[in-house]
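Work through the exercises below with the sequence and the model side by side, and try each task before reading its solution.

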Amino acid sequence: MERAVDGDTIIVLDDGQRRRVRLTGIDTPEVFDKSGSGQRLESPMPFGPEASAFTKEFIAGGEVELRFGRRRVDQYDRLLAFVFVGEQMLNEELVRAGLARANIYAGEESPLTRRIEKAEEEARAARRGIWSVEIP
């Protein structure tokens, strides 16, 4: 079982337990209050709802596979993963669609993060999504 929480967080069933998975290497616009209250923002950031919808549709497209980089868990005990359905990587496709920014930490570089960086260059050049407007 998988479900999207927002654009860059999903929930998967892992050995019978529900686990939050944070898509590594990217950051999508927020739809929830970052205070931890779990409240939806009255005015979500531009492209936040679109990123959430993209993620929901993507993971509904087949069996989800998680691939891990150097860090497997963040400070909030979420798994950090590259999320695949078939050969397509959700992290990369969100960035390519202009619905996320690359957010790669030092020491986390890999062939998968390079794909994300290349997708961001492509989205910026094409002025897709977040690259098409000025966001405060």
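**Exercise 1: Two salt bridges and their burial**

At 27% relative accessibility, Arg67 falls in the partly exposed class, where buried means under 20% relative accessible area, exposed over 50%, and partly exposed in between (1.4 Å probe, protein chains only). The model is a predicted one, in which local features need pLDDT of at least 70 and side-chain atom pairs count only at pLDDT 80 or more, while totals for chains, interfaces and linings use all residues. Residues are numbered from 1 along each chain as its sequence is written, and side-chain values use heavy atoms, with hydrogens and water left out.

Task: find the salt-bridge partner of Arg67 and state its exposure class.

Solution. Arg67 pairs with Glu65 at 3.1 Å, N to O, a salt bridge being a side-chain nitrogen of Lys or Arg within 4 Å of a carboxyl oxygen of Asp or Glu. Glu65, at 37% relative accessibility, is partly exposed.

Task: decide whether Arg22 is buried or exposed, and describe its contact with Asp27.

Solution. The side chains of Arg22 and Asp27 form a salt bridge of 3.3 Å, N to O. Arg22 is buried, because its relative accessible area is 13%, whereas Asp27 is partly exposed at 28%.

**Exercise 2: A bridge within a helix**

Task: locate Arg96 and Glu92 and trace their wider connections.

Solution. Both residues lie in helix α2, four residues apart, about one turn of the helix, helices being DSSP runs (H or I, at least four residues) numbered from the N terminus. Salt bridges with shared partners link Glu92, Glu93, Arg96, Arg115, Glu122 and Arg128 into one network.

Note on methods: Helices (H or I, at least four residues) and strands (E, at least two) are DSSP runs, numbered from the N terminus.
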